[in-house]
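Biologist: I would like a close look at the ligand site, and then at how the rest of the chain packs. Please give the cut-offs as you go.

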Amino acid sequence: MSPPVDGRASRDVAGRNGLAPETRALRAFAERFGGDAPLVVHAPGRVNLLGEHTDYNEGFVLPMALHLGAWIALRPRADGRVVLRSLDFGEEQEFDLGRLHRGQGWIEYVKGTAWAFQEAGAALRGWDGVVTGDVPIGAGLASSAALEVAAARAFAAAADLPWQPVTAARLAQRAENGWVGVQCGIMDQLVIAAGREGHALLIDCRDLTTRPIPLPPGTVVAVLDTSTRRDLVDSTYNERRARCEEATRRCGVRSLRDLSLAELEQRAPALSDDHLRLARHVVTENARTLAAAEAMTRGDAAALGALMDEGHRSLRDDFRVSSPALDAIVAAAQGAPGCRGARMTGAGLAGCAVALVDEDEAAPFVAETERAYRAATGLQATVHLSRPRAGAELRRR
Ligand code: GLA
C-alpha cells in the first residue's frame, strides 16, 4: 500500500484522538464557550524547497504551504477582550486590545499580531476562540508564523476588515520582529497568507511579488522531521542576520541580492572569512532558487533535486546552520529509493529536512529513510508526504 500524501507516512505516529484539528477546535469551542463558533480560520505551516536565509537579504525563496496547520474556531465579542484557549498547550490566556502588555509563551504571537494591526491603525474587536494545530513546534515548519497568520485572519474576520494577504503577511512579520523579537524575514508569513494549491511560490523578497510554480509531475514533497528541536527566539538567528547586514555594508551594496558570485569574489579582501562564507551562501542560493523555479516550470525533477542537494552543502559548509541530525537525515534520504534531492529546510540547526521524491517510490523511500536515519543516529524520524496547499482561509459557518 502506498503511504498517504498529505499525511504522516511514518507508521508509528497517530493523530491526537484521531480527530481532525478543525473538529477538535469546534468541539472544544462549544464546550468552553457554549454554542457554535460562527467562524473558523486556518493557516498552514510551510516547507521551503529552496532559498534559505535569503529573504532578509532581499533575495528569492521558493516555499510551499503544507497540509499541517493551525486552526482557530472563534466568535466575535462586543468588547475588546480576546479569550483564547489552546488545546495544544492545555491552557487559556486572555488580554485586552486596549491594554497590551508583553508576556511570555504562545499567546505573544496572537497579542503581537493585534499590536501590529493596531499600530497600522486598524480598529479591532475582541473574540472568544479555541486554537489547535498539527504543525510540530520548533521543527522549522513555521508553526509561529502559522499562529500569527491565523490570528491575523481571525482579527480581520472579527472586525470585518478586508483580507489582503500581502498586508497581513507584513503585519504578522511585524508582530514577530517588533513584539516577539525575532528579526525573521517575510517568507513564512507570506507563503502562509498567499500560498496557492498545487504550487510553490517563488517570492521576490525585495518587492514581494509572487509567482506560483507547480511541482514536477509525478513527484511529491517529503518533510523529514529529525525529531530534534531548537527555538528561533534564541540569539543565533538574529546574530546571523546581523552578520549578513555587516557583510552587505562591507560589500557596499544595498543587499547581497545585488551581487553575482564574481562580484562578491572581487570584494573578498574587504570581508572576513566568516562574512565571505555567509555572503557566498546567500549569493549562490539566490541563483539556485531562480534556477529551481525554472526547472520546476519545465517539469525537470532531476535538475530541481540536484539544486536541493547543492543547497544543503551550502547551508552546511558556508552558512553553517545544519546539524549532525540534519546531515544524517539528508544523507539517509539521498540514499533512499526515488529520491531526487534533499536538504535541510527552514532556519536550521535542528528540525526538518525536505526531499523531492518520485511518487511511485514514496513507500520504499519513507521506509529506507527512517531505517538509515535510525541506524545513523538512534533517533526516530517522522516523515510527512505533502503536496502544496492553499494559504490562510476563513470559513463562515
Ligand atoms: C525562518 C524565518 C524566515 C527565513 C528562514 C530561513 O523560517 O522565519 O524568515 O529567514 O528562517 O530561510
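Modeller: What follows starts at the ligand and then moves to residues in the interior.

This is a predicted model, in which local features need pLDDT of at least 70 and side-chain atom pairs count only at pLDDT 80 or more, while totals for chains, interfaces and linings use all residues. Residues are numbered from 1 along each chain as its sequence is written, and side-chain values use heavy atoms, with hydrogens and water left out.

The shell around the ligand consists of R46, E52, H53, D55, Y56, C184, G185, M187, D188, Y237, G346 and A347; a residue is near the ligand if one of its heavy atoms lies within 4 Å of it. By class, five of these residues are nonpolar, three polar and four charged. Here Ala, Val, Leu, Ile, Met, Phe, Trp, Tyr, Cys and Pro count as nonpolar, Asp, Glu, Lys and Arg as charged, and the others, Gly among them, as polar.

Side chains of the shell also make polar contacts with the ligand, meaning pairs of N or O atoms within 3.5 Å; within protein, one atom must be able to donate a hydrogen and the other to accept it, and residues adjacent in sequence count only if both atoms are side-chain atoms. Y237 places a polar side-chain atom 2.6 Å from a ligand oxygen. For E52 the corresponding distance, again to an oxygen atom of the ligand, is 2.7 Å. The side chain of R46 has an N or O atom 3.0 Å from an oxygen of the ligand. On its own the ligand has 300 Å² of accessible area, and the protein covers 97% of this; such areas come from the Shrake-Rupley method with a 1.4 Å probe, and for residues only the protein chains shown count as cover.

H53, another member of the shell, sits in the loop between β2 (39–48) and β3 (60–61). Helices (H or I, at least four residues) and strands (E, at least two) are DSSP runs, numbered from the N terminus. H53 is not a glycine, yet its phi is positive, at about 60 degrees. Its relative accessibility is 5%, so H53 counts as buried; buried means under 20% relative accessible area, exposed over 50%, and partly exposed in between (1.4 Å probe, protein chains only). L208 also has a positive phi, near 65 degrees, and lies in the loop between β8 (199–204) and β9 (209–214). With a relative accessible area of 11%, L208 is buried.

R46 leads from the ligand to L66 in strand β4 (residues 63–76), for L66 is in contact with P44, G45, R46, V47, L141, V223, S386 and R389, neighbours within four places in sequence left aside. Contact means heavy atoms within 4.5 Å. L66 is buried because its relative accessible area is 1%.

Now the interior. In soluble globular proteins, nonpolar side chains tend to be buried together. A nonpolar core is a set of buried Ala, Val, Leu, Ile, Met, Phe, Trp, Tyr and Cys residues joined through side-chain atoms within 4.5 Å. The largest one here has 74 residues, of which F95, V110, W127 and F155 touch the most other members. Helix α3 (residues 143–158) supplies the largest share of this core, 11 residues. Not counting residues up to four places away, F95 touches G80, R81, V82, L100, I107, V110, K111, A114 and F155. Apart from this core lies another, of 28 residues, including L49, I213, A301 and C352.

K111, one of the residues touched by F95, belongs to helix α2 (residues 107–119). This lysine is buried, at 9% relative accessible area. Beyond four places in sequence, K111 is in contact with F95, L100, H101, R102, G103 and W179.

C352 is also in contact with L224, which lies in strand β10 and is buried at 0% relative accessible area. L224 and A353 are 129 residues apart in sequence, but their C-alpha atoms are 5.0 Å apart. I329 and A333 are further contacts of L224, and both are among the buried residues of helix α10 (residues 324–334), with A325, L326, A328, V330 and A332. These buried residues of α10 pack against β10 (219–225), α9 (301–319), β11 (339–344), β12 (352–358) and α11 (362–377).
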